[in-house]
Amino acid sequence: MSFNNTQYNSTFAEDDAGTVEMKAVSFYTPLIYVSILVISLTVFASHYRKKTVKELSELPSMFDESVARDLYFELKQMNDTGDAKVHEKVLKAALLNRGAEAIRRTLKLKESEPQVTMLYKNGCVGEEYWKRYQNEVKLVDLEFKDAIQEAERLQPGWPQLYVAVSKEICFNQALKRRFQAILLRKEVFSEQWQLKFDSTGKLIE
């Protein structure tokens, strides 16, 4: 009798342990978890980027203040606060000028990269200057990426054309600066050598 009771209890225990309770899970539960994860990663990336930019901006810059960037932010602030209604074309023109300045600085840094690297390896410049140079490269890259994001905000789908036009503006500004430098050199040499030119620019002997 005890054997039957033991066998019965053992069988009952196995059946009871093998029973799995099933709970219904809503279809939206995984979507909610994924959404929370994506939002958390986005917020973290945004805070990390702001922290990185702040740390980099604390180091002394190798360039002067960006007038083009400051002008764009002033116009944007005026438009956002309602102090003055700034036309969209004016904002786009200021943003293009900002992008052109970022490209100019990028090209300048790439042009000087071999010389700076060689000087650093030879011990001609210290660790602080090398760190400033690397910091400047990162800052200029972040500046241009931020300008592209602003272009997308102003007009969705514009960034591709924005980059091309910014490069063209940068090259045109470079040609203008060279032409102005040639004219200035002409004036200096004309004064030193007492040269005279007619209205067409031809030398008067």
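This report walks through the chain as a whole, then one helix, one buried residue and one surface patch.

## The chain at a glance

Please keep in mind that this is a predicted model. The chain holds six helices and two strands. Reading from the N terminus, the order of these elements is α-α-α-α-α-α-β-β, with the helices coming before the strands.

Of the chain's 205 residues, 21% count as buried. The chain exposes about 16,300 Å², and carbon and sulfur atoms supply 59% of that area. As for contacts with a separation of 6 or more, 66% are made by residues 24 or more positions apart.

## Helix α6

Let us turn to helix α6, which covers residues 159-193. With 35 residues, α6 reaches 51 Å from its first C-alpha to its last, and this is close to the 51 Å expected at 1.5 Å a residue. After α6 comes Gln194, which has a positive phi, near 55°.

Some of α6 is hidden from the surface: Pro159, Tyr162, Ser166, Cys170 and Ser190 are buried. The buried residues of this helix pack against two other helices, α4 (88-121) and α5 (127-154), and against strand β1 (196-197).

## A buried glutamate in α5

One of the helices that α6 packs against is α5, and Glu150 is found there. Is Glu150 buried or exposed? Glu150 counts as buried because its relative accessibility is 10%, below the 20% cut-off for that class.

Which residues does Glu150 touch, leaving aside neighbours within four places in sequence? Glu150 is in contact with Tyr72, Lys76, Leu95 and Arg98. Of these contacts, Leu95 and Arg98 fall within the residue range of α4.

## The nonpolar patch

On the surface, a nonpolar patch of about 640 Å² is built from Leu184, Val188, Phe189, Trp193, Leu195, Phe197 and Leu203. Helix α6 gives the most to this patch, with four residues. So α6 has two faces to look at in the viewer: it has buried residues, including Tyr162 and Cys170, and it also contributes to the nonpolar patch.Leu203 joins the patch from elsewhere in the chain, as its place is in strand β2 (residues 203-204). Leu203 counts as partly exposed because its relative accessibility is 43%, which lies between the 20% and 50% cut-offs.

Technical notes
Residues numbered from 1 in each chain as written. Predicted model: local features only at pLDDT ≥ 70, side-chain atom pairs only at ≥ 80, totals over all residues. Heavy atoms only, no water. Patch = residues over 30% accessible without salt bridge, like charges linked within 9 Å, V, L, I, M, F, W, Y side chains within 5 Å. Areas by Shrake-Rupley, 256 points an atom, 1.4 Å probe, with all protein chains shown as cover. Salt bridge = Lys/Arg side-chain N within 4 Å of Asp/Glu carboxyl O. Buried < 20%, exposed > 50% of the residue type's maximum accessible area, 1.4 Å probe, protein only. Expected span 1.5 Å × (residues − 1). Contact = heavy atoms within 4.5 Å.
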